[in-house]
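These are my notebook entries on one protein chain. I recorded what I looked up in the order in which I looked.

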Amino acid sequence: MRKTIAFLSFIVTLHTASAQKDFSAAINSTTSKIEPKCIAWRRQLHENPELGNREFKTAKLIADHLRSLGIDVKEGVAHTGVVGILRGAKPGPVIGLRADMDALPVLEKTGLPFASKIKGTYNGQEVPVMHACGHDTHVAMLMSVAEILAGMKNELAGTVKFVFQPAEEGVQKGEEGGAELMVKEGVMDDPKVDVMFGLHIKSGIEVGKISVRPGGFYAGVSDMKIVVKGKPSHGAYPWNSVDPIVTSAQIINALQTIVSRNVNLTENAGVITVGAINGGNRSNIIPEDVTMLGTIRSLSKEQEAYQIERIKTVVTKTAEAAGASATIEAPYSSHYPVTFNNEALTAKMIPSLQKAVGVQNVVSRPVEMGAEDFSFFGEKVPAVFFNLGAMPKGQDPKKAPPHHTPEFFVDESAMQNGIKAFLFLVTDYMNMNNGKASTKQTLKATK
């Protein structure tokens with residue numbers, strides 16, 4: 001029996017080694033050649049940004065390009081999304097790659113020759129539009145990856161699904177969209193995606209570096225709406241009232257103790273923020289009610305549920321102690337799950353990221369409480385999401401223009417690293433799966 005097992009192991013190892021192909025030379029060469037085209041696409045997109053669910057020109061550019069490569073294309077997914085399917089010549093896994101397409105209602109002040117002068121409509125108002133979060137670079141990189149992989153089609157053992165997603169930044173009133181809607185419309189099926197990879201360019205990480213971490217990568221986020229009802233009165237006679245403004249102030253202070261006193265911060269981070277409070281309309285009138293809006297963030301489903309439970313208790317009981325009443329809706333209008341990097345998959349794919357930028361340049365990133373709707377893909381299949389450094393070398397990260405600001409800026413040389421990272425993730429994962437598929441076939445044949 002032991003000899004038989006040893007013999008099978010030898011066959012599996014030999015078959016796996018022979019099945020795997022080293023794409024490093026091809027990836028490095030083709031990435032260098034396509035860089036000027038990638039930069040040109042990025043600048044075209046940057047100069048012509050479009051808001052979420054309105055990425056019509058962006059979608060056409062993508063679809064036309066994918067079709068020119070012989071890739072099967074589906075348009076109009078989740079309003080303006082584009083999905084391309086590239087089937088390799090050999091059987092293997094289905095790998096999803098995602099790039100978000102939408103811009104933001106921000107007035108650009110970078111002074112770049114290709115700066116946006118575009119205006120759009122956001123919630124009924126005319127607004128300036130800018131790619132102030134780098135989604136233009138994401139699209140340009142994935143278009144480049146599609147071109148390179150299409151040229152390697154005969155060498156690919158598997159299928160690549162290119163997911164160009166609208167509305168990552170959220171939608172306007174009365175709309176739905178983004179990754180959640182793409183998932184609802186079946187983007188993870190036909191063919192069924194096995195794993196998903198995504199990236200986000202970062203203006204505060206030095207170009208040449210990639211940051212990644214297993215487990216919670218970005219926070220899950222829910223919004224909340226709190227309505228405090230009291231008893232109105234003339235401002236000169238507060239004893240005749242149940243003041244919802246004072247009660248709201250007490251609630252806001254009490255909410256802060258949930259993170260500072262209830263959440264075990266050695267295990268997980270948490271954030272509870274009240275971002276808007278509205279009540280009353282005159283200095284001498286105590287109003288009947290106050291409405292507050294806020295955000296709840298955590299890095300696990302369990303903690304999110306716990307924080308929401310504690311918030312409901314604190315809000316209702318604090319109001320009751322003041323003689324008022326309060327209602328809370330959480331989530332109120334939106335919810336993003338935790339962007340979770342599958343631990344086993346992350347461990348396997350870190351060497352692929354290291355091939356792209358060097359072993360010393362793949363760094364562990366700290367917890368971040370921002371949110372990403374890539375999380376909806378990660379709920380369906382194992383996924384890895386990472387940050388791509390794009391801050392000019394030598395710049396102080398504290399002085400780098402933040403995302404979502406008029407001065408947001410990225411070093412375009414970073415895009416070559418992102419292209420390489422995606423290419424190594426795809427080809428290495430196909431090699432790994434090829435070995436596993438061969439193992440099953442060999443064992444079955446031996447039996």
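**Entry 1: a helix and its faces**

I began with helix α6, which covers residues 244–262. I checked its length: at 1.5 Å a residue, its 19 residues should span 27 Å, and the end C-alpha atoms are 26 Å apart, which agrees. I note here that the model is a predicted one.

Next I asked which residues of α6 are buried. I found P244, T247, S248, I251, A254, L255, I258 and V259. Viewed down the axis of α6, the buried residues fall within an arc of 155°, so they line one face of the helix. On the other side of α6, I found N253 and R261 exposed.

What do the buried residues of α6 pack against? I listed β10, β12 (270–278), β13 (285–286), β14 and α7 (301–321).

I also looked at the start of α6. There, a side-chain oxygen of D243 comes to within 2.8 Å of the backbone nitrogen of I245.

**Entry 2: a strand and its partners**

Since β10 is among the elements that α6 packs against, I turned to this strand. Strand β10 comprises residues 220–229, and eight of its ten residues are buried, so I entered it as mostly covered.

I then looked up the strands joined to β10. Ten bridges connect β10 with β14 (residues 289–298), and the two strands run antiparallel. Within this pairing, I noted that D223 has T295 of β14 as its bridge partner.

Strand β15 (residues 325–329) pairs with β10 over five bridges, in the antiparallel sense. Here I recorded I328 in β15 as the bridge partner of I226.

Strand β16 (residues 335–336) is joined to β10 by two bridges, and these strands also run antiparallel. In β16, H335 stands opposite S222.

**Entry 3: aromatic rings**

How many aromatic pairs does a search of the whole structure find? The search gave nine.

I examined the pair formed by Y237 and W239. Their ring centres are 5.9 Å apart with 75° between the planes, and the pair is edge-to-face. Are these two residues buried or exposed? Y237 has a relative accessibility of 42% and therefore counts as partly exposed. W239, at 65% relative accessibility, counts as exposed.

I then examined Y336 and F376. Their ring centres lie 5.8 Å apart and their planes are at 80°, so this pair is edge-to-face. The pair links distant parts of the chain, with Y336 in strand β16 and F376 in helix α9, 40 residues apart. I found both Y336 and F376 to be buried.

I also entered one aromatic cluster, formed by F217, Y218, F374, F377 and F385.

**Entry 4: a buried aspartate**

Y336 led me to D373, as Y336 is one of the residues in contact with D373. I located D373 in the loop between β18 (362–364) and α9 (375–378). Its relative accessible area is 2%; the limit for buried is under 20%, so D373 is buried.

Which residues are in contact with D373, apart from its neighbours within four places in sequence? I listed R98, Q165, A167, E168, G178, A179 and Y336. For A179 I looked up a polar contact as well: its backbone nitrogen is 3.0 Å from a polar atom of the D373 side chain.

**Entry 5: two further buried residues**

I looked up S211, which is found in strand β8 (residues 210–212). With a relative accessibility of 3%, S211 counts as buried. Leaving out residues up to four places away in sequence, S211 touches I205, F217, V363, R365, F386 and N387. F217, one of these, also belongs to the aromatic cluster of Entry 3.

Lastly, I looked up W41, which has its place in helix α2 (residues 24–47). W41 counts as buried at 10% relative accessibility. Not counting residues up to four places away in sequence, W41 touches H65, A140, M143, S144 and E147. I also checked one distance between C-alpha atoms: those of W41 and V139 are separated by 8.4 Å, although the two residues are 98 residues apart along the chain.

Notes. Residues numbered from 1 in each chain as written. Predicted model: local features only at pLDDT ≥ 70, side-chain atom pairs only at ≥ 80, totals over all residues. Heavy atoms only, no water. Helix = DSSP H or I, 4+ residues; strand = E, 2+ residues; numbered from the N terminus. Buried < 20%, exposed > 50% of the residue type's maximum accessible area, 1.4 Å probe, protein only. Polar contact = N/O pair within 3.5 Å; in protein donor to acceptor, adjacent residues only side chain to side chain. Contact = heavy atoms within 4.5 Å. Pairing = 2+ DSSP bridges. Expected span 1.5 Å × (residues − 1). Arc of directions from axis to C-beta. Phe/Tyr/Trp six-rings, centres within 6.5 Å; stacked < 30°, edge-to-face > 60°.
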